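Please look through the structure below, with the sequence beside it, before reading on. The paragraphs that follow start with one pair of packed elements and then widen to the whole chain.

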Amino acid sequence: MWNFLTFGAPGLLVYVCFVLAPILISVGYSLTNYNPFRPPTRFVGLRNYQLLFEDPEFRGALRVTTILTLIVVIVPNVLGLVIALLLDRRGWFYNGLRSVFFVPVVLSSVVVSIIWTRMMADDGVINQALRAFGVGKPPGWLSDPDLAVYSLGAILSWQTLGFCVVVYLAGLQGVPKELLEAAAIDGAGPVQRFRKVTWPLLAPALTINTVVQLISAFKVFDHVQVITNGGPGEGTTASIAFTVLQVGFTANRQGYASAMAIVMLVIIAVASAVTLKLLQRREVEL
């Protein structure tokens, strides 16, 4: 008992103060009409949650967040695996390339957002290059409402790609060489060796990348704020996290924003739990 109190209590106290308590406070706020500039605060029960699912702004934010999540889960996983297979070699050159791919991961989201905003501007480097190749009217990557959310997804994928590459590289280096050699002796070609030996052993790496990417994409805020501020137009790239901050600190409807945050927490928790369960079951089956 005393050992637990000595070693476990500090970590438990931090968890209660900075994770559990804020969640419980948000749940309490979500059941009220709390607005610090318009007292008094009244208990409204589940009214905020009812309004939430009737709110086109929230439904739009959920749609945008779902699109971004799908892009950020699929694209870095696929490209990360391909790049990891290409970099799974010895030598200073490949070690240097690994560092290059990992650099965006450690960069600030704000820095990445500013760089890509300049590059994807209508007169930015990308469109200037397209004009040089004869494209008369390049796309408005961030100014076209039909393209902006996909451009945002591409930026998020670029920044998180290095993480997926490193995780897959770690998984590839854990594949026993004896199994690959035995498969080669049995006549299996490179594709068959990958499909029958390497890919099943990369199942834990796929699980880690998928769950981490899913959680990080669902709570994206920085990139939306800096790159598009929810536009172009009205809410075309506004994620749920961005909408929560706008409603809570711009409109000062903190009770309603708390309801949004709780719903976002529940969606992330359920989606992560289901994904983790399915992928872990796949690991066992493989």
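The crossing of helix α6 and helix α8 is right-handed, and this can be followed in the predicted model by tracing α6 through residues 109-119 and α8 through residues 148-173. Two packed helices are described by the angle between their axes and by the distance between those axes. For α6 and α8 the angle is about 130°, while the axes lie 11 Å apart. An angle of 65 to 115 degrees would count as roughly perpendicular and one over 145 as roughly antiparallel, with the rest, apart from those under 35, being oblique, and therefore α6 is oblique to α8.

Which residues of α6 and α8 make the contact? On the side of α6 they are S109, V112 and W116, and on the side of α8 they are I155, W158 and Q159. Sorted by class, the contact of α6 with α8 has 4 nonpolar residues and 2 polar ones, with no charged residues.

A single residue can be read in a similar way, and S30, which lies in helix α2 (residues 9-30), is a useful one to find. Is S30 buried or exposed? Its relative accessible area is 0%, and because buried means under 20%, S30 counts as buried. Leaving aside residues up to four places away in sequence, S30 touches G45, N48 and Y49, and also G255, S258 and A259.

Cysteines invite another question, since a disulfide is a covalent bond between the sulfur atoms of two cysteines. How many disulfides does a search of the whole structure find? The search finds 0 disulfides. Two cysteines may still be compared by their surroundings: C17 is partly exposed, with a relative accessible area of 42%, whereas C164 is buried, with a relative accessible area of 0%.

Stepping back to the whole protein, the reader will find 14 helices and 0 strands, so that, by the run of elements from the N terminus on, each one is an α. Along its principal axes, the C-alpha trace of the protein spans about 75 × 70 × 35 Å. Of the 286 residues in the protein, 37% are buried, and S30 and C164 are among the buried residues. Finally, among contacts between residues at least 6 apart in sequence, 67% join residues at least 24 apart.

Conventions:
Residues numbered from 1 in each chain as written. Predicted model: local features only at pLDDT ≥ 70, side-chain atom pairs only at ≥ 80, totals over all residues. Heavy atoms only, no water. Axes fitted to C-alpha atoms, helices over the stretch in contact; angles between N-to-C directions. Helix = DSSP H or I, 4+ residues; strand = E, 2+ residues; numbered from the N terminus. Left-handed = near helix turned anticlockwise from the far one by under 90°. Contact = heavy atoms within 4.5 Å. Nonpolar A, V, L, I, M, F, W, Y, C, P; charged D, E, K, R; others polar. Buried < 20%, exposed > 50% of the residue type's maximum accessible area, 1.4 Å probe, protein only. Disulfide = S-S within 2.5 Å.
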